[in-house]
Each structure stands twice: as structure tokens, then as C-alpha cells.
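Biologist: Could you walk me through this model and tell me the reasoning behind each label as we go?

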Amino acid sequence: MEVNTIRNLDDLYNYVKEGKIDRQIQKKKVLKYEMKRIKRKKNKGIRGRVRNFIVAIYPLRYMLACIHYKKISSFRDNEFRNELSNNAKTDILKNIDKYKQVYDLLDKKSKHTYLLMLLYRLTGDYALSMKVCSPNEQYFSDRIQWKCEENIIDCGAYVGDTLSAFLRHKVNINNYYLFELDDTNYEKLKEVCKVAESEGIKTHPKKKGVYSCTTTLYFESDADSSRLVNYPTETSIPVISIDEDINTTISFIKMDIEGSELEAINGAIKTIRRDKPVLAICIYHKQEDFWKLPLRIKEICPEYTKFWIEQYSPWDIETVLYVQT
């Protein structure tokens with residue numbers, strides 16, 4: 001079976017089961033999509049107008065596309081791509097029924113995105129992921145119905161970049177809760193919080209992680225890996241649960257926390273059931289999160305009826321699940 005003949009999850013399952021996964025990158029198609037993206041993007045200001053003039057010239061636009069292709073194709077080495085492909089293959093064969101349950105929750109456009117991102121993880125072909133890259137800014141899907149006064153939780157707030165985006169989008173925010181563990185990132189996000197405070201937003205930054213309960217997690221490391229242990233070590237992380245830490249009515253929750261999303265969701269069951277906030281959850285950190293996170297959310301709150309997925313990168317990152325009543 002060829003990749004271009006795959007139309008649904010049954011086709012995908014049969015393709016994986018055959019075991020003849022094509023790992024070739026369709027460079028010509030990637031360049032074609034990249035040239036369209038470059039031409040479509042309009043920039044403002046003097047430098048932007050100069051760039052718009054340059055990309056209107058076909059040879060120069062092709063040169064820029066080749067430069068970006070080189071950047072895209074060097075982002076992941078072959079060892080990582082092989083591991084990503086093997087994990088996807090194993091999980092799809094084992095849990096195809098779970099994937100189908102999620103597929104049935106999605107709208108037509110998201111079904112296409114879901115299918116092609118699974119294929120991308122199997123093949124490593126950027127021509128597949130670039131087909132479904134969203135023109136929207138990450139976490140700002142045009143399908144979200146913003147309220148007149150938002151109370152937002154930002155799990156994995158990084159340097160405050162999502163808060164900065166909310167300020168640019170002029171979303172009316174009352175309270176903004178930020179959770180970030182990294183010391184350097186935390187200091188930077190506090191500066192963004194000052195800007196938000198000057199615009200009347202009450203910010204609540206915390207240098208903690210988000211988990212299923214409020215506790216301290218301990219890790220033990222060796223040369224090759226680190227693992228979670230149940231006894232004190234030199235490496236520890238303070239974590240909270242949303243239900244135990246926040247009592248405000250919440251309207252929007254964003255999560256990008258390096259594979260801890262399921263634990264964080266389990267720590268927000270009361271909040272999700274009570275407030276039914278819009279959820280924007282990253283599902284790309286673990287292969288099984290493509291089915292575990294949507295199904296867990298639906299199990300917690302059956303009132304959620306709108307599930308959709310948007311992809312914001314040509315790589316295996318920035319795949320976001322949106323959920324809304």
C-alpha cells in the first residue's frame with residue numbers, strides 16, 4: 001500500500017501491518033508547500049516590504065524555500081526519526097481501536113490532520129505535516145469562542161510567550177495563572193507579567209510544575225536517563241494540582257508540559273467538570289497521548305462535544321488538541 005492511497009485509519013492500520021513503511025522524504029512536495037507558504041506570508045514595515053518584493057521573484061523564493069527545507073530536514077537526526085516511527089508503529093498496532101474512537105470525535109478537517117500527523121510520525125516525511133500546518137497562531141484557533149472576561153491557566157508558561165500573544169490578540173483577561181519550573185524562563189516570564197499587570201490583568205506566576213496532586217517529585221539519574229522514584233534524591237520538582245491550587249472559575253487551560261499532560265488533567269478533574277473550560281492540550285510528547293488525552297477528557301466530562309486538532313510545525317512538535325463544549 002502506498003502512502004498517497006491512505007484515506008482513513010483502517011487504511012493506516014493495514015499500511016502499518018504490512019510493515020513496508022516508506023521513509024523517503026518527498027523533497028519536491030516539501031519545497032512546493034514551502035514556496036506557497038513564503039508567498040502567502042505578508043510582512044509589514046520597511047524590511048517586510050523588501051522581503052515581500054524579494055519573495056515575489058520566483059528564483060529568490062525558491063532559494064528561500066531550499067534554505068528552510070535544509071533547516072527542516074536537519075531538525076531531527078535519523079536515530080530520532082527511527083525511534084519516533086517505531087513507537088508510532090507499535091502503538092498503532094496495539095491500540096488502533098482507541099485511535100478510531102478519537103477519530104470519531106473529530107471534525108472532517110481534524111480527521112485529515114490527525115491521519116497525516118500519524119503518517120508523518122511513521123514516515124518522517126515533511127510533505128505530509130506541511131499539508132496540515134495551521135495558519136493560526138498557536139493556541140489561538142479561529143474556532144475558539146472567547147468570553148468577555150477570561151480566567152486562564154497556562155501550564156508550561158515558558159518565558160511568558162503565550163501571555164504575550166494574549167496581549168497582542170487583545171483578549172479580555174481577568175486572571176492569568178502561569179506555571180513554569182525552569183529558573184531562567186521563570187525570571188523572564190515575570191517581566192511579561194509586569195507588562196500584563198500594567199494593562200489591568202491579575203497575573204499569578206508560580207515556579208512549580210502541574211501534576212495529579214500537590215507533592216514533590218524526586219528523580220534519580222544515570223548516564224543515559226532519569227527516572228521518577230518514591231524516595232528523596234538531590235533532584236526534586238515541586239508540583240501542584242489545579243484542583244487543589246486554584247479556586248477561581250476557569251475559562252481556558254493551556255498545557256505544554258513535556259509529557260505530563262495526562263497527570264495534570266487528572267489533577268484538574270473538578271475544575272474541568274465544574275467550569276468546562278476551553279482546553280488547548282499538546283498531544284505530541286508521547287505517541288499514546290494521541291488517543292489517551294482526548295479519551296480521558298471525554299471520560300471526565302462527556303459534555304465536551306467539540307474536539308479538533310491543529311498542527312503548528314512541520315516537525316513532530318506543536319500538535320494541539322482543542323476541546324470545547
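**Reading the labels**

Modeller: Happy to! The chain has 13 helices and 11 strands. Please keep in mind that this is a predicted model. Of its 325 residues, 49% count as buried. The chain exposes about 16,900 Å², and carbon and sulfur atoms supply 50% of that area.

Biologist: Let's start with the sheet. What is the order of the 7 strands in the open sheet?

Modeller: The order is 3-2-1-8-9-11-10, with mixed pairing. The edges are strand 3 (202-206) and strand 10 (306-311). From one strand to the next, the twist averages 10°.

Biologist: Why are strand 3 and strand 10 called edge strands?

Modeller: Each of them pairs on one side only.

Biologist: And how do you know that strand 1 and strand 2 pair?

Modeller: A pair needs at least two bridges. Strand 1 (residues 150-155) and strand 2 (residues 173-179) are joined by 6 bridges and run parallel, so by that cut-off they count as paired. One example is isoleucine 152, whose bridge partner in strand 2 is tyrosine 176.

Biologist: What makes the pairing in this sheet mixed?

Modeller: Look at strand 9 (residues 278-282). With strand 8 (residues 252-255) it pairs in the parallel sense, over 4 bridges, while with strand 11 it pairs in the antiparallel sense, over 4 bridges. Lysine 254 stands opposite alanine 280 in strand 9, and cysteine 282 stands opposite valine 320 in strand 11.

Biologist: Why is strand 9 described as mostly covered?

Modeller: Residues count as buried under 20% relative accessible area, and 5 of the 5 residues of strand 9 are buried. Both faces are covered: Val278, Ala280 and Cys282 lie on one side, with Leu279 and Ile281 on the other. That fits a general pattern, in which side chains of a regular strand alternate between the two faces of the sheet.

Biologist: Why is strand 2 called largely enclosed?

Modeller: The reasoning is a count: 7 of the 7 residues of strand 2 are buried, so the rest of the structure largely encloses it.

Biologist: Which helix packs on the sheet, touching strand 10 and strand 11?

Modeller: That is helix 6 (residues 108-123), and its direction makes about 50° with that of strand 10.

Biologist: Now the charged pairs. How do you know that aspartate 154 and lysine 254 form a salt bridge?

Modeller: The cut-off is a side-chain nitrogen of Lys or Arg within 4 Å of a carboxyl oxygen of Asp or Glu. For aspartate 154 and lysine 254, the closest N and O atoms are 2.8 Å apart, so the pair qualifies under that rule. Aspartate 154 lies in strand 1 and lysine 254 in strand 8, so the salt bridge ties together parts that are 100 residues apart in sequence. Both residues are buried. By this rule the count comes to 10 salt bridges.

Biologist: What is the distance between the closest N and O atoms of aspartate 183 and lysine 207?

Modeller: Their distance is 2.8 Å, and the two form a salt bridge. Aspartate 183 is in helix 9 (residues 183-198) and lysine 207 in the loop between strand 3 and strand 4 (209-210), so parts 24 residues apart in sequence are tied together.

Biologist: Why is aspartate 183 called partly exposed?

Modeller: Partly exposed covers the range between the buried limit of 20% and the exposed limit of 50%. Aspartate 183 has a relative accessible area of 49%, so it counts as partly exposed. Lysine 207, at 36%, is partly exposed too.

Biologist: Why does isoleucine 21 count as buried?

Modeller: Its relative accessibility is 18%, and the cut-off for buried is under 20%. Isoleucine 21 lies in the loop between helix 1 (9-18) and helix 2 (27-40). Among the residues it touches are Tyr15, Lys89 and Leu122. The C-alpha atoms of isoleucine 21 and leucine 122 are separated by 7.2 Å, although the residues are 101 apart along the chain.

Biologist: And is isoleucine 57 buried or partly exposed?

Modeller: Isoleucine 57 counts as partly exposed, at 33% relative accessibility. It sits in the loop between helix 3 (45-55) and helix 4 (58-73). Together with Leu60, Met63 and Ile67, Ile57 forms a nonpolar surface patch with about 330 Å² of accessible area.

Definitions and conventions: Residues are numbered from 1 along each chain as its sequence is written. This is a predicted model: local features need pLDDT of at least 70, side-chain atom pairs count only at pLDDT 80 or more; totals for chains, interfaces and linings use all residues. Side-chain values use heavy atoms; hydrogens and water are left out. Patches are made of residues with over 30% relative accessible area and no salt bridge: like charges are joined within 9 Å, nonpolar side chains (Val, Leu, Ile, Met, Phe, Trp, Tyr) within 5 Å. Accessible areas come from the Shrake-Rupley method with a 1.4 Å probe; for residues, only the protein chains shown count as cover. Helices (H or I, at least four residues) and strands (E, at least two) are DSSP runs, numbered from the N terminus. Buried means under 20% relative accessible area, exposed over 50%, partly exposed in between (1.4 Å probe, protein chains only). Axes are lines fitted to C-alpha atoms, for helices over the stretch in contact, and angles run from 0 to 180 degrees between N-to-C directions. Contact means heavy atoms within 4.5 Å. Lists of a residue's contacts leave out its neighbours within four places in sequence.
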